[in-house]
Amino acid sequence: MRNTLVYLKSSSAVYNSETKFYRWNLMNPIQARKDELITTQVLEAEFPVSYYNVDSTNNEFELVVILEDVDGTGGVFYTETYSKTLTVKQYTASQIASEIDAIADKTHSTLNCSYDNRTGIMTLVVNATSAEPSDAVTSVSIGKDCTCRKLMGFSDLQTISGALGQAQLKFIGDSVVDLNKTSNVYIETDLLLESRNTNGEKSGILAKIQIDRPFLGLVHYQSANTIPIELGRKDIYLDHIDLRLIDDVNESINFNGSNDFSITILFNYIKKDKLLLGEEIVSEDVLPIIDNINTGDSCDEYSDNDVDL
């Protein structure tokens, strides 16, 4: 079986900031013969864990607080929204809690945030102020524009309601904090492969690499899979390779600068019969068996045999 190994270094690629793909142009193209198809697999890869756990995709905090003036008149409500854009960088859970805790108080409420490192849970505490003699906290909810909820352990649009006249509400995350930007990095091509994503859709995913190193560590990946992925029948000539590295939610990985990574890809050329390649099968003329039996030679062969009566 013919094969070709391609060693790719990110420093030799051209990066497309719109598609997020790296392109390597091949001076010697990958080309199958007429009776061949191509299979491929990632043999090994190295890349740095230099991406931040807080970036532009998960750095927005938003909390909506509704309060009520429950004195003699009642029925007067105030809505106050706490928001903050976290600076893009690496954070611990305590550092995130400190950032949220530093948000300025509002007219009718105050906000405090704390993190318990024994449980991994964050807690938001909202108190009514004395702006009105009898303000009460009616509800606290995660805002629709909050993108850091998973990071902080809160679920989508999580809400808690207070009892009548309640001056304080504790809003506790219903999950432990998740400071991992991603648990895996996926190497994806722009070719349509016979691989499937989590929704069962065809995708260009070539490999899934587990992140087993801390921030600023170096991941070394070697494939234990000996089963290659077959390219489409039309993909028999490749003069370039396009790849991108994405996270668990299909966002492109930002390595923060010119941090190099490398990938080794194996291309195998496999022979297929003409039927599978879609070519016309030309049949050969074959004489029927009965004609062979009835030839003069066959009759002569047995004509002189002695037969006992």
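Let's start with D156, which is exposed, with a relative accessible area of 57% ("exposed" means over 50% relative accessible area, "buried" under 20%, and "partly exposed" in between, using a 1.4 Å probe and protein chains only). This is a predicted model, in which local features need pLDDT of at least 70 and side-chain atom pairs count only at pLDDT 80 or more, while totals for chains, interfaces and linings use all residues. Residues are numbered from 1 along each chain as its sequence is written, and side-chain values use heavy atoms, with hydrogens and water left out.

So what does D156 do with its side chain? D156 forms a salt bridge with R149, and their closest N and O atoms sit 2.4 Å apart. A salt bridge here is a side-chain nitrogen of Lys or Arg within 4 Å of a carboxyl oxygen of Asp or Glu. R149 itself is partly exposed, at 22% relative accessible area. Elsewhere, D55, K181 and D247 are joined into one network by salt bridges that share partners.

By this rule, the count comes to 14 salt bridges. One of them joins R23 and D242, with N to O at 2.7 Å. That pair links distant parts of the chain: R23 is in strand β3 (residues 22-31) and D242 is in strand β18 (residues 237-246), 219 residues apart. A quick note on the names: helices (H or I, at least four residues) and strands (E, at least two) are DSSP runs, numbered from the N terminus. Are the two partners buried or exposed to some degree? R23 is partly exposed, with a relative accessible area of 34%, whereas D242 counts as buried at 7%.

Now look at D145 and K144, another salt bridge, with the closest N and O atoms 3.4 Å apart. D145 counts as partly exposed because its relative accessibility is 41%, and K144 counts as exposed because its value is 67%.

Next, let's head for T39, in strand β4. T39 is buried, with just 5% relative accessible area. Which residues does T39 touch? Not counting residues up to four places away in sequence, T39 touches P228, I229, E230, L231, L266, F267, N268 and I270, where contact means heavy atoms within 4.5 Å. Take I229: the C-alpha atoms of T39 and I229 are separated by 5.3 Å, although the two are 190 residues apart along the chain.

Follow the chain past β4 and you meet S50, in the loop between β4 (36-48) and β5 (60-69). S50 counts as buried because its relative accessible area is 8%. The side chain of S50 reaches the backbone oxygen of F255 at 2.7 Å. Leaving aside neighbours within four places in sequence, S50 is in contact with F215, L216, F255, N256 and N259.

After that loop comes β5, which is mostly covered, as eight of its 10 residues are buried. Which strands pair with β5? Strand β6 (residues 76-85) pairs with β5 in the antiparallel sense over 10 bridges, and strand β9 (residues 135-142) also runs antiparallel to β5, joined by seven bridges. Two strands pair if DSSP finds at least two bridges between them. D69 gives you a handy spot to see both pairings: D69 stands opposite V76 in β6, and the bridge partner of D69 in β9 is D135. As you trace the strands, remember that in a regular strand the side chains alternate between the two faces of the sheet.

How values were computed: A polar contact is a pair of N or O atoms within 3.5 Å; within protein, one must be able to donate a hydrogen and the other to accept it, and residues adjacent in sequence count only if both atoms are side-chain atoms.
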